[in-house]
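Visitor: I am new to this structure and would love a close look at a single part of it. Could you pick one helix and walk me through its surroundings?

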Amino acid sequence: MRWISRLIVFLSVFIIYLTIDVSGLLWDSEDSFCVMRREDYCPDKDIRFYLYTSEQKTRREIDTSFRYSLLKYGWNPNKKNVIVIHGFNGTESKSPMTIIRDAYLNRGDYNVFTVDWSILTFFPCYLSSLSNTRLVAQCTAQFYSHLTYNGASAFKIHCVGHSLGAHICGMMSNHLSHKMHKIIGLDPARPLVDRYGSDNFRLTKNDANFVQVIHTNAGLLGETPQIGHVDFCVNGGTMQPSCQRESQIIRRSRCSHFMSACFFAATVTDRHKRFRGLPCTTGCRNLPGFKGVKGVAMGEHTPENARGIFCLRMMDNKKCPFD
């Protein structure tokens, strides 16, 4: 498996490239490049919350200091609610987060809230981004409390996070008196988190009543199973077939990492089709003896009593932009 060794070396060099010489660039000053928040005060001007509705898809920024901002901008208390959080070097208005957003909007039964912390997480500032996730989680937990204070049921709210966004969903539990009902982590980020992140600063199954995780680049840019109550490995969980067309290893990994969002969005869009997985190992290898078994649905339709690790195949030839 020489290619795996080469890949590990390449990723190590990549992470060093991301983090080299940032010790003098992390502080939030006029001359800084990377931005790291040292305070823990919410709200923060660089952490924004937007509401999208099926009736009015233009985003509206929610001010948590104004009690009636939700109703003013079209929030429907009778609908379910989803909070969508992007990862490193992303934004709420950039794919693949927009693919997830639109999948929920097209259903018509959700209020869609997106979290934008793009000012606090841009390339190559991975270390400062890791540090900033703590404040983003704190402020998003405050926003979650704003929702419940205004009448939203905790059982009708779930958090969907990609990469570092998945860990932010989990870290919100540090600031809540009661667990969230459901978290869906899309290929939770692995670099440095796996080695230095304690359970308080990463997604675990203890962060909500039900935690589901979808793996598409496990062991590389994404964490390895098992993280949640139920984990799904798609197409082997590590490298996605359509991403093999990318010429560079890191681009193939990034492509695979982002595919988790598109696979999940597919489960949201189609109310009737079920993408089902069969039991497999922590290494995303199928277990014998389950041929003909119906399997467990992944994503939007996963039963909340599901437990274990499941593998499935999905067509990934649809374009899933990651740049």
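Guide: Here is a tour of one helix, α3, and of what lies around it.

Before we start, please keep in mind that this is a predicted model. The mean pLDDT of the protein is 88, with 88% of the residues at 70 or more. Residues 1-31 are another matter: pLDDT stays under 50 there, and the model has 33 contacts beyond four places in sequence for that stretch.

Let us begin with the sheet that our helix packs on. Eleven strands make up this open, mixed sheet, and their order is β2-β1-β4-β3-β5-β6-β7-β8-β11-β9-β10. Its edges are β2 (60-61) and β10 (296-297), each of which pairs on one side only. Now to the helix: α3 covers residues 97-107 and packs on the sheet, where it touches β1 (48-52), β3 (80-85), β4 (110-116), β5 (157-162) and β6 (180-186). The direction of α3 makes about 165° with that of β4.

How much of α3 is buried? Eight of its eleven residues are, so the helix is largely enclosed by the rest of the structure. The buried ones are Met 97, Thr 98, Ile 100, Arg 101, Ala 103, Tyr 104, Leu 105 and Arg 107. They pack against β1, β3, β4, β5 and β6, and also against another helix, α7 (249-269). Just past the end of α3 comes Gly 108, which has a positive phi of about 90°.

That second helix deserves a pause. The axes of α3 and α7 are 9 Å apart, and the two helices pack at an angle of about 0°. Angles under 35 degrees count as roughly parallel, and α3 and α7 are therefore roughly parallel to each other. On the α3 side, the contact is made by Ile 99, Ile 100, Ala 103, Tyr 104 and Arg 107. On the α7 side, Ala 261, Cys 262, Phe 264, Ala 265, Val 268 and Thr 269 take part. As background, an α-helix has 3.6 residues a turn, so residues three or four places apart point the same way.

We can also follow a contact from α3 out to other parts of the model. Met 97, one of the buried residues of α3, is in contact with Ile 85. Beyond its neighbours within four places in sequence, Ile 85 also touches, among others, Val 115, Trp 117, Thr 140, Cys 159 and Ile 168. Ile 85 belongs to the largest nonpolar core, which has 43 residues; together with Ile 83, Phe 113 and Leu 147, it touches the most other members. Elements giving two or more residues to this core are β1, β3, β4, α4 (126-149), β5, α5, β6 and β7 (208-215). Helix α4 gives the most, with nine residues. Apart from this core lies another one, of 36 residues, including Tyr 50, Val 268, Met 298 and Ala 306. Val 268 is a name we have met already, as one of the α7 residues in contact with α3.

One more helix helps to complete the view: α5 (residues 164-171) lies across β3, β5 and β6, and runs at about 145° to β5. To sum up, α3 packs on the sheet, has α7 alongside in a roughly parallel direction, and is largely enclosed, because eight of its eleven residues are buried.

Methods: Residues numbered from 1 in each chain as written. Predicted model: local features only at pLDDT ≥ 70, side-chain atom pairs only at ≥ 80, totals over all residues. Heavy atoms only, no water. Pairing = 2+ DSSP bridges. Helix = DSSP H or I, 4+ residues; strand = E, 2+ residues; numbered from the N terminus. Contact = heavy atoms within 4.5 Å. Axes fitted to C-alpha atoms, helices over the stretch in contact; angles between N-to-C directions. pLDDT = per-residue confidence, 0-100. Buried < 20%, exposed > 50% of the residue type's maximum accessible area, 1.4 Å probe, protein only. Core = buried A, V, L, I, M, F, W, Y, C linked by side-chain atoms within 4.5 Å. Parallel < 35°, antiparallel > 145°, perpendicular 65-115°, else oblique.
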